[in-house]
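Good morning, and thank you for coming. I should like to take you through one structure, beginning with a single side chain and working outwards.

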Amino acid sequence: MSDKARYALEKSIPELEDLEKKGLFTRKELNMIVRRRTDFEHRIAGRGSKPADFLAYVKFEKNVDRLRKKRVERLKDAIDRTPSVSSWAIPRRILYIFQRGTNKFPSSMELWAGYLKYARKQESVKVVYDVYSKLLSLQPRNVDVWLSGAKWEFEYNKNVKGARALFKRCLRFNIEEQRVWLEFIKLELNYLSKLLARRKLLQLVSERAQQEDMEDQERKQKNEGGDGDGDDEEQGNILILEADEDEINTELNKLPEMNVSTLGSIEDNPVLRGDLIMTLYDVFIATMLKRTEENERQEILYRLATTVLALIDQFDILERTHMCDYIIRDLVTRFPNESKNLILQLTLSLRYVKVEDDSFVNSLQQNVKSYQAWYSKSKIDEKVKEDVRNRYIRYLDERFLQNDSLDEDVKSLLTLLLKKL
C-alpha cells in the first residue's frame, strides 16, 4: 500500500470509531467500508487512474453519508445526536477527493463541475472561492466558468461588486465574446430591477430611508461573512488575474464605474434610468463593430441591438422606454435609411402598450398621427418609405388586430386606420 493511501485511511480511524460508538454501523459494515476505501485509494493512486475513478470514489462516499443520515434520523431517540467527528468527516473527505482529482486531472471539467457543485451544496464558501480561482487560472478563456462565478457572486453572495469585477476580468481575456457582454448587461438590468422592486416593496421614498436601508444591507452582508463594499482583495474575491498588455483592449478602459450612487428617484438620478447600462452598451457595440467587416456592420448592429432590446423588455419595473429610445436612436443615426431601424423608432411608443390598457386607443391614435406626420415630411428615398409603410401596417395587424382579446369596437377602429394607411 502506498504512503498516500495509508495516510488517507489512517485519517478515517476516528470517524469509524465514532460511527461504531454511536451504533450507526456494525463492525462488519465498517470493515466493508475500509475495504472499499482501500480499493479506491489504490485505483486513484495508480498510474492508470482516470477521472471516472475519482467520481466513483465520491459516489461511494456520498452513499455512505446518505445511509448514515438515514440511520441517525431513524434512531434519533436512541442515540446521542450531538455533532461529532463522524458528522463532518465524510463531506471533508469528498472535498479532499475532488481536490486530489483536479490536481491530477486539471483539464477534466467533469471533476471541476462536481467539485464546485458539492462545495456549493455544503456552503463551503472558502472552498468555492479556491476552486474558482484555480480553475480560472488554468482556463482563463473558459467563458462558462467566468459566468458561473459571476452568477454565484451575485445570487448567492449578494455581492454585485464582486460579480462586476469578474465580468471585467473575463472581458480582458474574452473581449470578443458577445455572450459575456450580454450577460454583463443582463446582470446590471437585474440588479437595477431588484433595487427598484425593493424600494417599491418597502416604500423607501425618501433618500434618507434609502441610505439607511443600504447601510442595513451592508451590515447584514458583513455578519454573513461577505463585505460587498470592501476592496476586492479584502473580500477574498474569486480571482485576481494579470493579463498581458497585448490582451487588454483599450475599449475596456471606457467601461463605466458601476458603483455610482443609486440614491434618489428615477426622475432625478440618471443611474436609475439606466444611463450607466447604456454606456456599457456603447462600449459593447464599439468593441463588436471594431472587429466586424464594413459590409457586415449593419446586420451585426441590428442583431445585437434587438437582442439587448429583448433583454430590456423582460424588466418592466425599469424605465424601459428611455433605454430603448437610446438604442433605437443609435441605430437610426448610424443607418438612417434602413427600414428595419425606422420601424423600431416609429413604433416605440406602442412597444409596451397592451390592448387591455385604458389608454390603448389614445396611444394608438397618437402613434398613427406621428407616423403620418413622419411619412409626409420625411425626405428619404420613396422606395424605403414604401417599405416602412408596409412594415408599419404589418406591425399593427400582427401586434393588435390579430389579438383575440381585442374589443370589437376597437378592432373596427383599427381596421379603418389600416385602410387609411
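**From one serine to the core**

The side chain of S193 reaches the backbone oxygen of N190, at 2.7 Å. Please bear in mind throughout that this is a predicted model. S193 is placed in helix α10. Is S193 buried or exposed? Its relative accessible area is 8%, under the 20% cut-off, and therefore S193 counts as buried. Leaving out residues up to four places away in sequence, S193 touches F315, I317 and L318.

Let me now turn to the nonpolar core. The largest such core has 112 residues. Which of them have the most contacts inside it? They are W181, L189, F284 and L396. Helix α10, which spans residues 178-202, gives the most to this core, with ten residues. Domain 1 (1-105) and domain 2 (348-420) both supply residues as well, and so the core lies between them. As a general remark, nonpolar side chains in soluble globular proteins tend to be buried together.

Of those core residues, I should like to examine L396 in detail. Setting aside its neighbours within four places in sequence, L396 is in contact with L350, L364, V368, L401, L414, L418 and L421.

Next, helix α16, at residues 339-346. How many of its eight residues are buried? Seven of the eight are, so α16 is largely enclosed by the rest of the structure. The buried residues are S339, K340, N341, L342, I343, L344 and L346; this list includes a serine, a lysine and an asparagine alongside the leucines and the isoleucine. What covers them includes α14 (297-313) and α15 (320-334), together with α17 (360-377) and α18 (382-401).

I move on to charged pairs. Side chains of opposite charge can pair when their charged atoms come close. In this model the count comes to 24 salt bridges. One of these pairs is E15 with R93, whose closest N and O atoms are 2.6 Å apart. The pair links distant parts of the chain: E15 belongs to helix α2 (residues 13-22) and R93 to helix α5 (residues 85-104), with the two positions 78 residues apart. Both E15 and R93 are buried.

Two further pairs deserve a place beside that one. R273 and D275 meet through their side chains in a salt bridge, at 3.7 Å from N to O. R273 is partly exposed, with a relative accessible area of 22%, and D275 is also partly exposed, at 25%. R297 and E294 form a salt bridge too, with an N to O distance of 3.6 Å. Here R297 is partly exposed at 27% relative accessibility, whereas E294, with a relative accessible area of 62%, is exposed. Salt bridges that share partners also join E15, R37, E61 and R93 into one network.

Finally, a word on confidence. The mean pLDDT of the protein is 85, and 85% of its residues reach 70 or more. Where does the pLDDT fall below 50? It does so over residues 226-236, a stretch that has 17 contacts in the model beyond near neighbours in sequence.

Thank you; I should be glad to take questions.

Note on methods:
Residues are numbered from 1 along each chain as its sequence is written. This is a predicted model: local features need pLDDT of at least 70, side-chain atom pairs count only at pLDDT 80 or more; totals for chains, interfaces and linings use all residues. Side-chain values use heavy atoms; hydrogens and water are left out. A nonpolar core is a set of buried Ala, Val, Leu, Ile, Met, Phe, Trp, Tyr and Cys residues joined through side-chain atoms within 4.5 Å. Buried means under 20% relative accessible area, exposed over 50%, partly exposed in between (1.4 Å probe, protein chains only). Helices (H or I, at least four residues) and strands (E, at least two) are DSSP runs, numbered from the N terminus. Domain bounds come from an automatic or database domain assignment. Contact means heavy atoms within 4.5 Å. pLDDT is the predictor's confidence in each residue, from 0 to 100. A polar contact is a pair of N or O atoms within 3.5 Å; within protein, one must be able to donate a hydrogen and the other to accept it, and residues adjacent in sequence count only if both atoms are side-chain atoms. A salt bridge is a side-chain nitrogen of Lys or Arg within 4 Å of a carboxyl oxygen of Asp or Glu.
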